[in-house]
Amino acid sequence: MSDVIHLLPDTVANQIAAGEVIQRPASVVKELVENSIDAGATSIKLLLKDAGRTYIQVIDNGKGMSETDARLCFDRHATSKISSADDLFALRTMGFRGEALPSISSISQLEMKTKRPEDEVGTLVEINGGKIERQESVACPDGTNFLVKNIFYNVPARRKFLKSNTAEFSHIEKEFFRVALVNPQVEFELYHNDQLVYQLHAGGLRERIIAIFGKNINAQLLSIEVDTPLVKIGGYVGKPETAKKQNDRQYFFVNGRYMRHPYFHKAVLQAFDRLIVPGTSPDYFIYFEVDPANIDVNIHPTKTEIKFESEQTIWPILMSCVKEALGKFNIVPSLDFEHGEDIFQDVPLNPSNPVSTSAFEANLDTSYNPFKTDGCGGSNYQYKKKSDPNLQNWETLYNGFESERTPSFSPSAFPDKPFDPSNFIDHSDTSSGSEFGMEGEENKTHYIQFKNKYILTVLKSGLACIDQHRAHVKVLYERYMKNIQQRKAASQQLMFPIRLEVMESEAMLLDDMAEDFSFLGFDISCLGKGSISINGIPSECNETEAENYLRDLLQSFKEGGDMKEGRAEKMAMKLAETSAIKAGKHLTEEEMMNLVSQLFSLPTPDYTSDNRIVMSIMTMEEIEKKFK
Ligand code: ADP
Ligand code: MG
C-alpha cells in the first residue's frame, strides 16, 4: 500500500486556522484595525455593511506595504513583527503570529490596496477564498485599504452560525472600543450602513472615554496614577455610583493591549469595599505599563487573558492607588444608595488630613442595607416579644429558602403535589370560617412579618412562611406576561422624561425590542445620535429601577443573538425581579394581605416561574411532633 499522509494545500490549512482566529465579523475588525495600529496609522476609518456580514472595510494612513510584501502578507506565518523566538519577550506590537491575513483571506472575498509613502504607485491584490485572483499596480493614497466581503461565503456552516445584525454589531463595537480606548492619539471613524455612528477625534484619554460613552461619564471619572520600577499604572476609575451588576465599562490594558484580568479586577473591587453594593462593580479604565519580558501574551490567538510574572506584587499597588483616588475626592461620610444624589462632588484634598476610604459608613434607609448582617428590624421585635417563645422556632423555617427547591425544615414540609389554592384562608374575608379559630378574636393579627423578609400566616393545611420578595416577583411576572399576551400595557407617564445615552448597538436593540418594551409599560423614544428618552415606565417601578432595568437588559441581550424566542419571558422576569418589593422592606398588615391574596389567586403560588420556592408550610402534624 502506498503512503497515505500528505500536506494539506495552503488554502485548506488556512481555512482550518481561520476557525481559530476568525469567529465572526468582529474578529476581522479586530485583526485589521490592530494591523493598522501596528502600521503606525494616525487615522483609521471603518466602514461596515450589515454588521460586517456584507462587507468590512478598514482604511488607514499607515506605512503601507511594498509590492512584494503585499503578496507575502497573505502567506501563513508571514509577519514583519518578529523574527526570532526571543522577540516574543519584547513585544511592542499588537500582532506577531502572522495568521490573521491568511485566515481572513481564506474565508472571504478580499481586496487590498496599499502604498508606501516612498513609492510612486501602490499595489492591488484580490483574493477569493485564499486564491490570489489579481495583483497589479494601482494609483491609491498612502496607507492600506482592506475590503473584506461576504465573510464565510465558502464556509456555509459558519455563516449560518452568525447571530442577528444587532448581536454581531455589538461584538464589533466591543472590539472597536478596546482598540480605540488604548489609542486615543489615533482618530477613528466608524460607519455602519453608510451612517457615521462613531467619530473619535485624536486627543487625550479622558476625551476618548467621553467620545465613546457620552459626556455624562466625565463627572464620574477619578484619575489614578502610580509609578514604580515594576509597573506604571494610570487611567480612571468610576465613582462608586457607577457600580452596576453587569458592567461593560471595565477595561484593563497592558502595554497598549486590551486584557481581561479577573485577579486584578478583584483588587479594584477590594478598593471599593463598603462603598458599593456587593455584587456590583464600578466602571474603570486602567492602563498598565510593564517590561514586555514580564508578561506572556502568547496564550491563545483569541484569548484576552494575559499572564503577569509579578501579579502578587502588582495587586496591592493597584489596590492602593485606586483607594487613594477614592479617598482624594471623598470626604462625605455617608453613602445613600437609595436616593442616589450626587454626594460625591470633587472635594479639594487636604493633604494634612487624608481621608481613608474605610472611614465611609453606609447610611441607608430601612428598605435596603447591604452592609448590615443582622437584618432584624425594629418593628419585628414587637412581634417577637408578644408571641409565644416557641415561635422562635420559626427561625428554622427560612433556612430552606436559600437553596432552590430544597425542602425547608423537613422533607415532608414541602409536598411534591401542586399547591391547592383552596388551602388559602382569606383573612380579609370575615365571613370565611377558620379551622384554626382565628376568626372572631379581637385585635387579631393574621399576617406577621418576620425579619422584614418573610410573611407568616395560617392556611388550612398549616402555618405558611412566604418569602415576600419572591411572592411579589411571582405576582408581577404573571401580570407582565398577561399584559404582553393581551398586548396591553400599564404605564405611568413621567413628568420629566429621563434622557439616556446609549451605544449604537443598544439603540439597534431597543428598536428591535420596542414592542415588548411597550407592553411592559415603557414608553421610549429615540432621539438619535446615541440618545433616548424614557417618557413612561411600568407602574410598579420607580425611575431609578426602570433606568437600571433598561440598562441591565440591553447589556444582557445585546450579544445574545436572535433570542426572539423566550425573550418576552426573560424581560418580564427581569422586570419583576427589579420592581418587586425587596427583602428588608417593612410591610403593613394590609400590604401583606394584598400580596398574599394576589399570590393565592395564581394557579401555582408555591413556586416562582423560574422554579424557586415562594412558600413553605409547616403542617399540623409537624407542629405536634415538635411537642412530643
Ligand atoms: P501579524 O499582524 O501577526 O504580523 P497579519 O497576518 O495580521 O500578521 O499581517 C501580516 C503582515 O502584513 C504584518 O506583519 C504587516 O507587515 C503586514 N500588514 C498587515 N496589515 C497592514 C497594514 N494595514 N499596513 C501595513 N502593513 C500591514
Ligand atoms: Mg495582525
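Me: Which helix gives the most to the shell around ligand 1?
Reply: That's H4, with three residues. Helix H4 covers 100-106, and a helix here is a DSSP run of H or I with at least four residues, numbered from the N terminus. Quick background: this is a predicted model, where local features need pLDDT of at least 70, side-chain atom pairs count only at pLDDT 80 or more, and totals for chains, interfaces and linings use all residues. Residues are numbered from 1 along each chain as its sequence is written, and side-chain values use heavy atoms, with hydrogens and water left out.

Me: What makes a residue count as near ligand 1?
Reply: One of its heavy atoms has to lie within 4 Å of the ligand. In this model 20 residues surround ligand 1, and Asn35, Thr79, Ser80, Lys81 and Gly98 are the closest.

Me: Why is the pair between Ser80 and ligand 1 called a polar contact?
Reply: A polar contact is a pair of N or O atoms within 3.5 Å. A side-chain N or O atom of Ser80 sits 2.5 Å from an oxygen atom of ligand 1, so the pair fits the definition. Gly98 uses a backbone N or O atom, 2.7 Å from a ligand oxygen. For Thr144, a polar side-chain atom is 3.3 Å from a nitrogen atom of ligand 1.

Me: How much of ligand 1 does the protein bury?
Reply: Alone, ligand 1 exposes 540 Å², and the protein buries 93% of that; the areas come from the Shrake-Rupley method with a 1.4 Å probe.

Me: What makes a residue of the chain count as buried?
Reply: Its relative accessible area must be under 20% (1.4 Å probe, protein chains only). Of the 628 residues, 48% pass that test.

How values were computed: Chains are lettered from A and ligands numbered from 1 in the order in which they are written. A polar contact is a pair of N or O atoms within 3.5 Å; within protein, one must be able to donate a hydrogen and the other to accept it, and residues adjacent in sequence count only if both atoms are side-chain atoms. Helices (H or I, at least four residues) and strands (E, at least two) are DSSP runs, numbered from the N terminus. Buried means under 20% relative accessible area, exposed over 50%, partly exposed in between (1.4 Å probe, protein chains only).
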